[in-house]
Amino acid sequence: MATNKGSGGKSATSGGNAQKSGSGTGAPAKRGFAAMDQNQQREIASKGGQAAHQKGTAHEFDSEEARRAGQKGGEAVSRDREHMADIGRKGGESRQSANRAAAAAAAATGPKGSRQSGKEE
């Protein structure tokens, strides 16, 4: 194994093509589009979308196509039985707590239509 310890050679950590990171984590620094802030990215993406519409190559969903896409997504999600059970459980818990809150509120205000002032008319 050859190592360059002299002042004339490059060390193993400073290779010619290595990207430097400002964070010191070893991950490459963001460059180009990724380095831009979100507003700049949106502006550039918007220009691309406008150009596609002007050119006539932009894709626009019609309602039927959007419905089919949503249906596909729903089918894909519903294949995960554990996930669906989780959703159902959360819904049941939410409904149960809502019913309890409504019952507590009704008990605090008394029966509907009655006054609790203590006076008889």
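Helices, as the term is used here, are DSSP runs (H or I) of at least four residues, numbered from the N terminus. The model described is a predicted one. With that definition in hand, helix 3 covers residues 81-109, and because Arg89 and Asp86 are three residues apart within helix 3, about one helical turn separates them. The side chains of this pair meet in a salt bridge, with an N to O distance of 2.8 Å. Arg89 has a relative accessible area of 46% and so counts as partly exposed; Asp86, at 37%, is likewise partly exposed. Elsewhere, Glu64, Arg67 and Arg68 are joined into one network by salt bridges that share partners.

It helps to step back to the overall fold. The protein chain contains three helices and zero strands, and its elements follow the order α-α-α from the N terminus on. Of the 121 residues in the protein chain, buried residues account for 1%. The exposed area of the protein chain comes to about 11100 Å², with 51% of that area supplied by carbon and sulfur atoms.

Helix 1 takes in residues 38-55, 18 residues in total, and spans 26 Å from its first C-alpha to its last, close to the 26 Å expected at 1.5 Å a residue. Gly56 follows helix 1 and has a positive phi, near 90 degrees. Within helix 1, Glu43 and Lys47 form a salt bridge whose closest N and O atoms are 4.0 Å apart. These two residues are four positions apart in helix 1, so about one helical turn lies between them. Glu43 and Lys47 are both exposed.

The loop between helix 1 and helix 2 (63-78) holds Asp62. A polar atom of the Asp62 side chain lies 2.7 Å from the backbone nitrogen of Glu65. Asp62 itself counts as partly exposed because its relative accessibility is 45%, a value between the 20% and 50% cut-offs.

In helix 2, Glu64 and Arg68 are four residues apart, about one turn of the helix. A salt bridge links Glu64 with Arg68, the closest N and O atoms being 3.8 Å apart. Glu64 is partly exposed, since its relative accessibility is 36%, and Arg68 is partly exposed at 44%. A search of the whole structure finds four salt bridges, including those of Glu43 with Lys47, Glu64 with Arg68 and Arg89 with Asp86.

How values were computed: Residues numbered from 1 in each chain as written. Predicted model: local features only at pLDDT ≥ 70, side-chain atom pairs only at ≥ 80, totals over all residues. Heavy atoms only, no water. Expected span 1.5 Å × (residues − 1). Buried < 20%, exposed > 50% of the residue type's maximum accessible area, 1.4 Å probe, protein only. Areas by Shrake-Rupley, 256 points an atom, 1.4 Å probe, with all protein chains shown as cover. Polar contact = N/O pair within 3.5 Å; in protein donor to acceptor, adjacent residues only side chain to side chain.
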